Amino acid sequence: MDFVNYFPVWGKLTPAQQSRILGSVMSRTVKKGTVIHNGSEECTGLLLIKSGQLRAYILSEEGREITIYRLFDRDMCLFSASCMLRSIQFEVVIEAEKDTELWIIPSEVYKGIMEESAPAANYTNELMAARFSDVMWLIEQIMWKSLDKRVADFLLEEASIEESRELKITHEAIANHLGTHREVITRMLRYFQSEGMVQLSRGLVRITDEEKLRFALARGFRSVL
């Protein structure tokens, strides 16, 4: 079973613990756009990604989205099983950004193993610390980085993920990632286009001058005027 090659501390579990996980783990394939976990619902369980891409985001009271982190091959999501961590009360939504194959480990099974196994507990604590670092980084970006730099940073990161300068993404989707309004993103992208950094068409943002975009990100957008 492929699962044993993906689970981070598999070799450090006892045969009995391994058997309990194998006896309960579920395999699932989800289509792009599927909401896998909603913070208001019951515990979904731990998600371990075989292939694909997930997005974790939170919603404001007005219904505005903002991405807190993304998950790729071999990543594990803990917040989808936050019910086993009583001190954590995150209302996180997990959505598939691409068609994704994953495994779901029931929360009660993993919690029992985590209480018995020091390696599993240590890994869980490290993963939780990493996710909180993601959240703190996001807060820092929102507080201290201007939106033009956040948009540029997002476009460069997206190009790296997709390994392409042609990004099939809408202005609405970018706004949802960054926690702002579509109209604001549209104005910002049109400014980027007027400066020769991107080219816009329906559902597509093409980076035309990556070097200029990186320079503006590092030195500030006034420097490209």
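Which helix does H177 lie in? Keep that one in mind while you get the whole thing on screen.

**Stop 1: the whole protein**

What you have open is a predicted model. Show the cartoon and you should find eight helices and eleven strands. The C-alpha atoms fill a box of roughly 65 × 35 × 30 Å along the principal axes. Of the 225 residues, 49% are buried.

Now switch on the surface. The accessible area comes to about 11900 Å², and carbon and sulfur atoms account for 48% of that. Try colouring by charge too: there are 28 positive and 32 negative side chains. The centres of those two sets lie 4 Å apart.

One more thing before zooming in. Take the contacts in the protein with a separation of 6 or more: 69% of them join residues 24 or more positions apart. You'll meet some of the contacts of single residues at the next stops.

**Stop 2: H177**

Select residues 171–178 and you have helix α6, the home of H177. Is H177 buried or exposed? It's buried, because its relative accessible area is 7%, under the 20% cut-off. Show the side chains around H177 and look past its neighbours within four places in sequence. There you'll find R55, I66, T67, R70, E97, F154 and I169 in contact with H177.

**Stop 3: L48**

Next, select residues 46–51, which make up strand β3, and pick out L48. With a relative accessible area of 0%, L48 is buried as well. Which residues touch L48, leaving aside its neighbours within four places in sequence? Light up F3, Y6 and F7, then R74, D75 and M76, and finish with L102 and W103.

While you're here, use the distance tool between the C-alpha atoms of L48 and L78. These two are 30 residues apart along the chain, and the separation in space is 9.3 Å.

**Stop 4: W144 and its patch**

Finally, head for helix α4, residues 118–144, and select W144. Is W144 buried or exposed? This one counts as exposed, because its relative accessibility is 68% and the cut-off for exposed is over 50%.

Keep W144 selected and add M136, I139 and M143. Turn the surface back on for these four: together they make a nonpolar surface patch of about 500 Å².

To wrap up, flip between the stops: H177 is buried, L48 is buried, and W144 is exposed.

Terms used:
Residues are numbered from 1 along each chain as its sequence is written. This is a predicted model: local features need pLDDT of at least 70, side-chain atom pairs count only at pLDDT 80 or more; totals for chains, interfaces and linings use all residues. Side-chain values use heavy atoms; hydrogens and water are left out. Patches are made of residues with over 30% relative accessible area and no salt bridge: like charges are joined within 9 Å, nonpolar side chains (Val, Leu, Ile, Met, Phe, Trp, Tyr) within 5 Å. Accessible areas come from the Shrake-Rupley method with a 1.4 Å probe; for residues, only the protein chains shown count as cover. A salt bridge is a side-chain nitrogen of Lys or Arg within 4 Å of a carboxyl oxygen of Asp or Glu. Helices (H or I, at least four residues) and strands (E, at least two) are DSSP runs, numbered from the N terminus. Buried means under 20% relative accessible area, exposed over 50%, partly exposed in between (1.4 Å probe, protein chains only). Contact means heavy atoms within 4.5 Å. Lys and Arg count as positive and Asp and Glu as negative; His and the chain ends are not counted. The place of a charge is taken as NZ of Lys, CZ of Arg, CG of Asp or CD of Glu.
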